[in-house]
Amino acid sequence: MPISALTPEAAPAQKDDLIVVTAPLPGATVQSPLVIKGKARGNWFFEGTFPVVLTDWDGKIIAQGYAKAQGEWMTTEYVPFTASLSYTLPAETPYRTGFLILKKDNPSGEPQFDNSLEIKITL
């Protein structure tokens, strides 16, 4: 089915022609381990990886790790990536909404080079 025929919630998350996340889709209900797939421009990576963070509804980090390039990342073209995050959601968590944050790797630490894609999901 072409993306244009999908509802906005079912379309892959993307940002500025830099990164596209095909799994999980925005609004999806996920479970541990959370498998993340997509493609990003080579300059989103550093040494073939970039940080991935899973937070609960109020921003508390419940898992973090790195997405890994599945090909040559030293390019300006799209490079497929995968990541997996294992987590345990505390039983007392009042809301099941969470956020998956994919961060452009920024080894310089300079704020002007920061970038990220945030995807709302259900835990």
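Leaving aside neighbours within four places in sequence, which residues is Pro51 in contact with? In this predicted model, the list runs to Gly65, Tyr66, Ile101, Leu102, Lys103 and Asp105. Pro51 itself sits in strand β4. As for Lys68, which comes 17 residues away from Pro51 along the chain, the C-alpha atoms of the two are separated by 9.2 Å.

Stepping back to the whole chain, the secondary structure is quickly told: the protein has 8 strands and 0 helices. Walking along the sequence gives the pattern β-β-β-β-β-β-β-β. The radius of gyration comes out at 14 Å, close to the 14 Å that the globule rule gives for 123 residues, so the protein is as compact as a globular protein of that length. Taken along the principal axes, the box filled by the C-alpha atoms is roughly 45 × 40 × 25 Å.

How the chain packs against itself comes next. Of the contacts with a separation of 6 or more, 56% are between residues 24 or more positions apart. Buried residues account for 37% of the 123 residues. On the outside, the protein exposes about 7100 Å², and 53% of that area is supplied by carbon and sulfur atoms. The charges are 10 positive and 13 negative, and the mean positions of these two sets lie 5 Å apart.

Inside, the largest nonpolar core is made up of 28 residues. Ile36, Phe50 and Phe81 are the ones with the most contacts within this core. Two or more core residues come from each of β2 (19–23), β3 (34–41), β4 (49–55), β5 (61–69), β6 (78–85), β7 (97–103) and β8 (116–122). Ile36 gives a good look at the packing: setting aside residues up to four places away in sequence, it touches Val21, Ala23 and Pro24, along with Val52, Phe81, Thr82, Ala83, Leu85, Leu100 and Leu102. One of these partners, Phe81, is also named among the core residues with the most contacts.

The backbone has a few oddities to look at, starting with two cis peptide bonds. One joins Ala23 and Pro24, with omega at about -5°. The other joins Ser32 and Pro33, again with omega at about -5°. Pro24 is in the loop between β2 and β3, and Pro33 lies in the loop between β2 and β3 too. Ala23 and Pro24, the pair on either side of one cis bond, both turn up among the residues that Ile36 touches.

Positive phi values come up as well. Asp16 is not a glycine, yet its phi is positive at about 50°. This residue is found in the loop between β1 (13–15) and β2. Is Asp16 buried or exposed? With a relative accessible area of 58%, Asp16 is exposed. Glu47, likewise a residue other than glycine, has a positive phi near 55°. The place of Glu47 is in the loop between β3 and β4. Glu47 is exposed, and its relative accessible area is 58%.

Terms used. Residues numbered from 1 in each chain as written. Predicted model: local features only at pLDDT ≥ 70, side-chain atom pairs only at ≥ 80, totals over all residues. Heavy atoms only, no water. Helix = DSSP H or I, 4+ residues; strand = E, 2+ residues; numbered from the N terminus. Rg over C-alpha atoms; globule rule 2.2 N^0.38 Å. Buried < 20%, exposed > 50% of the residue type's maximum accessible area, 1.4 Å probe, protein only. Contact = heavy atoms within 4.5 Å. Areas by Shrake-Rupley, 256 points an atom, 1.4 Å probe, with all protein chains shown as cover. Lys, Arg positive; Asp, Glu negative; His and termini not counted. Charge placed at Lys NZ, Arg CZ, Asp CG, Glu CD. Core = buried A, V, L, I, M, F, W, Y, C linked by side-chain atoms within 4.5 Å.
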